[in-house]
Structures are given as C-alpha cells and as structure tokens.
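Hi,

Here is the structure I promised to pass on. Have a look at it first, then read my notes underneath.

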Amino acid sequence: MTGLPEWLEQIETPYLLIDEARFQRNVDRLYSRIARLGSVVRPHLKTLRSVEAASRLLADAAHPATVSTLAEAEGFAAAGYHNLLYAVGIAPHKLARVARLIQQGVNLHILLDTPQQAQAVVDYAAAHHVTFSVFIEIDCDGHRGGLPPESDRLVALAQQLEGKGATVTGLLVHAGESYSCRNPEQIRAAAQAECDAIRLAGSRVRAAGIACPILSVGATPTAHYAEDLAGISEVRAGVFTAFDLVMHNVGVCQKDDIALSVVSTVIGHNSEKNWVFIDAGWMAMSRDRGTAAGPVDYGYGLVCDMAGAPLDVCLSITNQEHGIIVLPTDSNLTPDDFPIGSRIRILPNHACATAAMHLQYQVLQADSTEPAVWTRITGW
C-alpha cells in the first residue's frame, strides 16, 4: 500500500487503531523465540479481549490461552476455544460460572493459593459432581500473591485438592517485578528466578506423588529474555501483541513496535501557552500514568503523525474528553504545526488500559484500503 488510506481521516475520532503489520510482527517474534527454547506460548488475551485478535494467536480451538475475567472465558468459549486458564485467584462465588463452562466441554483451569479457596473448590465439587482443574500460584519475587516454592504450605495445598474434586494440573508464576527492570541483565535475572522458582515448586509437588504436568511462567519482559526454559511447559505473555510505552521504558520493544494508538483530532490552540487541544481525553487514553516512574515520562502518551512517526512531544494533560499537548519551549514545533481539524496518533502508556476504553478497534491492514473492525469482550 502506498500512502495512507482515506478512511483514517474519515472515521469519527477518537478511535483506537491497530497496525496489523506491527501486531503480527510482534506475535511472530515471541512465538518463534519460545518455540526455539522448546516451550509454547499460552497468550494472555486480556490486552485486546477480542476474538478477532485471538484468531491470530491461537492456532486451533485447543491452543492454550489465558484470560483475566470469566466474561472473557465465556466469550472465547463461545467462539470455540476450549483450553483457557483463568489467571486470577478464584472467588468461591464464581465456581458456579466455572462449572457451567466445564459442563459445556471447556477445559477451564482456575487459580488459587490459599486453603480457604481450595476448601471452597472441594466443597463445591462434592455438592455438584464436577471436577475442577487447578493451578496453584507460586511467588518468585514478592510482587503479588502466591506461595514461596520452598513453603510446606504448597505441598499441603496440593494434597488438599488432588483427587478430592480437583486435579492439580499445574503451577503458575508471574515475574511482576520484571516491569521495574531497566536493562537486559535485570530482565534475564528475573526470568531465571521465575523459572528456578517454579521448577523447585514443581519438583516438590511431584515428589509428593502429584503429577502436576504443567509448569507455567510468564510476563512480557521475561518472555523476551528467558534463556533456559528446560522443564517449562508454557510461557504466558499478553501486552507483547501491541506493546506500549511502559514496555519501551523497560527495554522490551522499540517505539515502532507499538501496534496500538489512539487517533485524535486537533480542536484548538492556546498560542500564548504553547498548547494544542485535541478531542482525546482520559476517556480515550485512560488515566494510566505508568511511565511516570520510568526513565522517560511520556505523560498520557507519545504524539505521532498519522503515518505513526513520533513527534517527540507528549499528551501532557487530560480531561474527560479533552487532551492538551503542552509543547516544550525548546521544541521546534508550534501550535501552527497542528492545524485545527488535522489528526494525530497517540501511543499509549499501557495498551491494556487504553484498549479497555474502546468497544471496538479499527485495524490498518497492509493489503486493504478498508479497515477491519475487531470487537472487544466487555465485563467481568
């Protein structure tokens, strides 16, 4: 395709745009890497929550996938996918929804890390004649939940579940602290710690006579820097499909890898303040300020031209439906470089948060002059 398709200037703004070529390149990059290391990707579908996007990630109906809500599990199950890991600690009242999916033939795995959750699973299973597939969460870095791999509570929890209305299908670990890394050496160390922790946990559970066939690791940074996946069944990652400015700050991607942007229209100027007003506020971008603590603070997003080239200025201020680009005094740009009625693209701090503000996405396809439209699964 030469030039930009006309529809980019015709669809009502603000809208979320996905660059299909970048998206596919990001997917191919990680999938090829993990395959070379002898494992498989169980992609986390929470970033876009889209059946159309999932079709690019899941080779067939049985391909493993990860979700963050039961609404996602139900939506992807309705689309035919049936190997889903609900990677949020299970609340007892949600077991009925899980059971309904299991009874429909969906291989839906649940996650837990406490005896109270385990007892709720055992009790529900006995009362309703259903068997649950369970992953136990392991803590590798103190970032969130999970049990330390050396904890006696881990083995006790597995024994509490196994054969009592539940099967301990696997262990799960998430190196959340890797998002605070700032160089490849730190990310590699986090990836090694993640894998070492789950291998130790797996050996202890298996030594207790519980098969526990799956060891699942994953975070987008560690997935791109892990060097030894021996014994690791699967790698989970989510934002790698679109990437964002947080991942750029971590060092996992370049700016031209970021496949998601918000298209906005210039609606005004304040020349005295060097301000440019646009029609995208926090309702289009989200309030996420994930780059504030990073090496570069991108405000509410990095401003690009409509071809996707960064202009090295940021969306500085957001109201609900207004955004303000505050041009630095040393910038070569002035408000006149942003004519009223012209359009820009804004790269997000956090792709998951920005995508959540939109019910559908316009997809820029290299081989078409028309947009594809991907829809979002909403709710919990």
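**Where the two domains meet**

In this model, 23 residues of domain 1 are in contact with 22 residues of domain 2. Keep in mind that the model is predicted.

To find your way around, start with how the chain is divided. Domain 2 is one stretch, 20-241, while domain 1 is put together from 6-16 and 252-375. If you take the centres of domain 1 and domain 2 over their C-alpha atoms, they lie 33 Å apart.

How much area is buried between domain 1 and domain 2? It comes to about 1,700 Å², and carbon and sulfur atoms give 54% of that. On the domain 1 side, try clicking on Val 252, Cys 352 and Trp 374: together they supply 38% of the area that domain 1 buries against domain 2, more than any other three residues.

Next, the charged and polar links. There is 1 salt bridge between domain 1 and domain 2. Arg 25 forms a salt bridge with Asp 257, and their closest N and O atoms are 3.1 Å apart. You'll also find 10 residue pairs in polar contact between the two domains, counting pairs with both residues at pLDDT 80 or more.

Which elements give two or more residues to the side of domain 1 that touches domain 2? They are α11 (351-355), β17 (360-364) and β18 (372-375). As for what that side is made of, its residues divide into 16 nonpolar, 4 polar and 3 charged.

Have fun exploring!

Terms used
Residues numbered from 1 in each chain as written. Predicted model: local features only at pLDDT ≥ 70, side-chain atom pairs only at ≥ 80, totals over all residues. Heavy atoms only, no water. Domains from an automatic or database assignment. Contact = heavy atoms within 4.5 Å. Buried area = accessible area lost by both parts, 1.4 Å probe. Salt bridge = Lys/Arg side-chain N within 4 Å of Asp/Glu carboxyl O. Polar contact = N/O pair within 3.5 Å; in protein donor to acceptor, adjacent residues only side chain to side chain. Helix = DSSP H or I, 4+ residues; strand = E, 2+ residues; numbered from the N terminus. Nonpolar A, V, L, I, M, F, W, Y, C, P; charged D, E, K, R; others polar.
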